[in-house]
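Please load the model in your viewer and keep a selection panel open, since the tour moves from one selection to the next.

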Amino acid sequence: MSTDVAPGQAPPGGAAGAPRPRRARAGDLLVTACAVVGALVVGAVLIAVGDARTRAAAAYFFSYPWDTVVEAGWAVRDAYAALLEGAFYSPALSGKAALGPISETLVNATPLVLGGLAVALAFRVGLFNIGAQGQVVLGAIAAAWIGFALDLPAGLHLLLALAGGVVGGGLWGALVGWLKARTGAHEVITTIMLNYVALNLLTFLLSTRGFQRPPYGQAISEVVDGSARLPLLLGSPLRVHAGLLLAVLAALVVHWLFRSSRLGFRMRAVGANPEAARTAGMSVGRLQITAMALSGGLAGLAGASQALGVTGSVTGSIAGSIGFDAITVALLGRNNPWGVVAAGLLFGALRAGGVQMQSATGVPVDLVGVLQALIVLFIAAPALVRAVFRLRTRAGGVGGELAGGWTR
Amino acid sequence: MELELRGITKRFGSLVANDGIDLTVREGEIHALLGENGAGKSTLMNVLYGLYRPDEGQVLVDSRPVEFSSPGDAMAAGIGMVHQHFMLVPTFTATENIVLGAELTGRGGLLDGRRARQRVVETSERFGLAVPPDALVADLAVGVQQRVEIVKALLREAKVLVLDEPTAVLTPAETDDLMRVMRSLAEAGTSIVFITHKLREVRAVADRITVIRRGRVVGEALPSASPAELAALMVGRDVRLVVDKAPAAPGPPVLELAGVRVTDPGGAVLLDDVDLTVRAGEVLGVAGVDGNGQTELTRCVVGLQPVDAGTIRLSGEDVTGAGVREVLDRGVGYVPEDRLHDGLVGSFSIAENLVLDLVDTPAFSAGPAVDRAAVARNARERVAEFDIRTSGPEAAVSTLSGGNQQKVVLAREMSRPLELLVVAQPTRGVDVGSQEFVHSRIVAERDRGAAVLLVSTELDEVRALADRIVVLYRGRIAGEVGPDATSEQLGLLMAGAQPQEGTA
């Protein structure tokens, strides 16, 4: 156990603050950085292998190996440069369009941050919420339905639609908490199953009058009224919308919840030692239900933000892979709200850049998925990262947290 | 075989668990390693058994240096170990457990059960250790399970047998049995390292005694040394073996149990028709060997364990089936037997643990938030009042020693007005210095007028603290005695007053 926290780091009276082991440590950041680098290196190998010119050069590798290296180098450079341009800044664009890449990064990051916060929140309470996907779907359904079915003044309409998204996802999550508290059903199983239920519910609704958009040929919902749309922050055509502000606000709230609030104190106690929490008179079951409701609510907000901010309607793919990427975002962010924000931004940038990379260099956007998976794989196996990068060994790490989540 | 440890030093970070320890165990000798919990006994034995590598020093077997990198090496060199918590598979038979890891195989690599059973029977007869070869370990009494462990070591031709706190789980009769076995093994030439912190046993059975404290050998003694001398060596100063207290002035009944019955989901009866009363201003001690219903007794009083029948009253009001919160709010303090499991959140700071069950009270609330200033102030006060030795109230409670962790639990429970204090195993894993403090706080709580329900497996502790003593045996109250009862009287009750039951 590391106790070498600098005295200045502990705020005065930080008694009820985040528990020490969860606090981001230099070692964790180093492992994370190494994991990203490691993933990019493996990704580079994949790019080189997939590159036609590199393969052509490799055909005469033994007579002139340098060609292969050069071609591979160019392929990797081009791909990663396109990735960066697509994510942050492209010299080819000017004026408002220059903000395009950043805008896309933020649009992609918004639901990942919200979903990541949802998973992280549950995790801090000792619950492994694999069901963010289903909760995102429910949030999107509820928000979109309020958005197109009700006729309300602007502002109120938006607020109600957002609240609907939170409640929809929250109830979906609370159901899991209730099942666990009441029957002991493991949340991993129930959330996975409820993901299927949510997805099929959506498919059903998309074929139902009153939800489906006329003329009833396609699986797409009615269009959300303008009064319920999340406003664009930088104006058309930049897609970045007010959902980003909600994500930041949500991070602040989660931060406050665990750092300062009594509810958060109790939830952390349940997450760290449910037996001691029960012995101290806390209602473990009720706190688990609350945590799952809050977690589901955040995931629901992610769905609402997509429906009201990006698509303006609901299709079968409204949730994409947000719910699953959220797990990796939470893991990468070490279940810390600001870590989740950073991880969400990273993955959002990868997503945005990946599109540009595919169109500019032909490297498939799926490489981004591979990079994400590798980053998380490296982080889940800190021993591997330490061995590869020859870091000093230290006990603990998020791998342990991950394992802990399963056994509780 | 002679075993020598020379200058063994083992460090964990900045903590020196063993500091240049020398120890020689002669052939056929019972060598007691005496020390408090946390003195470094287990670390030393884990070094010997190949589980830890020493940072300095050597292990010598018959004057030849050896190096163990795993328990397998140690076993091959003739060292056997019986851990405090047995390493047995409950659903296997005694024979299967004994040969596990060194299975006898016949043709085609199949297990040769008959030959294994035969060897087990031979070994247990040769050393006079009766073990039923075909019984499931789960069905055996604890004392017999221990014999299975010993036979397991002997079958692997252990010449040096290490017994780690072997009597912690035994009844007095089983303890006597074990001592007989130890003596006959020693006579047959086996050396025994007997790790314990119980003075009486050391004086009864050891040939030589090495006392360690804070990782160092602080002295050697012969069994003829007086308990006071040994205790002084162990803790480094004279220790009061008697708790100073005035006679009790019992008031009205605070806790009343009538016909309380608890069964586990499998139907086994854990508490059977228990009646007891604890009055204000008295300590009721509950003695008994671990696992005879003490855990369930304390848990059902505080509302953690539902009862199947009977009533529990607090100050005359029926609280049967009430939740923990309600019971605590009625002025009940609870010190659970396993503090890291039930009493503390290890990763939380000391300050946070000190308000674990108080965080929702107005004193520590600021609207929906925790009043952090109040929490910090409370922590400073409690740390000072209870003399909790720590680098600061922000340190994780898991970094504290057992004694200081216990002080955190006590400090928290005593920081609100109590009508009833339920204390289970208050000094388990607590160093002697802190034990005195814990005891005096319990007595102080009694003198303030609280009723105290004290559960402990340490007879000395129960006798020193309690005003009345009841003994639990198999979930029943086997009898009630005064605090001046002799060990023999208590021992008889603890074994169910039916001597044959001890080995059943």
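Begin in this predicted model by selecting strand β7 (residues 160–164) and strand β8 (residues 191–196) of chain B, which pair in the parallel sense over five bridges. Within that pairing, pick V162(B) and look across to β8(B), where its bridge partner is V193(B).

Now widen the selection to the open sheet that holds these strands, which has six strands in the order β6-β7-β8-β3-β9-β10 of chain B, with mixed pairing. At the edges of this sheet are β6 (79–82) and β10 of chain B, each of which pairs on one side only. Neighbouring strands of the sheet are turned by 20° against each other on average, when direction is ignored. Add helix α5 (residues 142–155) of chain B, which lies across β6 and β7 of chain B and runs at about 170° to β6(B).

From the edge strand β10, turn to the side chains of R216(B) and D19(B), which meet in a salt bridge with an N to O distance of 3.0 Å. Because D19(B) lies in strand β2 (residues 15–25) and R216(B) in strand β10 (residues 216–221) of chain B, the pair ties together parts that are 197 residues apart in sequence. Both ends are partly exposed, D19(B) with a relative accessible area of 27% and R216(B) with one of 47%. Select next R26(B), E29(B), R208(B) and E220(B), which are joined into one network by salt bridges that share partners.

Another pair to display is E56(B) with R11(B), whose side chains meet in a salt bridge at 2.9 Å, N to O. Here E56(B) belongs to strand β4 (residues 56–61) and R11(B) to strand β1 (residues 3–12) of chain B, so the contact ties together parts that are 45 residues apart in sequence. The relative accessibility is 40% for E56(B), which counts as partly exposed, and 37% for R11(B), which is likewise partly exposed.

Is R446(B), the partner to select next, buried or exposed? R446(B) forms a salt bridge with D447(B), the closest N and O atoms being 2.9 Å apart, and at 2% relative accessibility R446(B) counts as buried. Over all chains, a search of the whole structure finds 40 salt bridges.

Finally, move to chain A and select V355(A), which has its place in helix α13 (residues 337–361) and is exposed, with a relative accessible area of 53%. Add E104(A), which is 251 residues apart from V355(A) in sequence and 10.0 Å apart in space, C-alpha to C-alpha.

Note on methods
Residues numbered from 1 in each chain as written. Chains lettered and ligands numbered in written order. Predicted model: local features only at pLDDT ≥ 70, side-chain atom pairs only at ≥ 80, totals over all residues. Heavy atoms only, no water. Salt bridge = Lys/Arg side-chain N within 4 Å of Asp/Glu carboxyl O. Helix = DSSP H or I, 4+ residues; strand = E, 2+ residues; numbered from the N terminus. Buried < 20%, exposed > 50% of the residue type's maximum accessible area, 1.4 Å probe, protein only. Pairing = 2+ DSSP bridges. Axes fitted to C-alpha atoms, helices over the stretch in contact; angles between N-to-C directions. Contact = heavy atoms within 4.5 Å.
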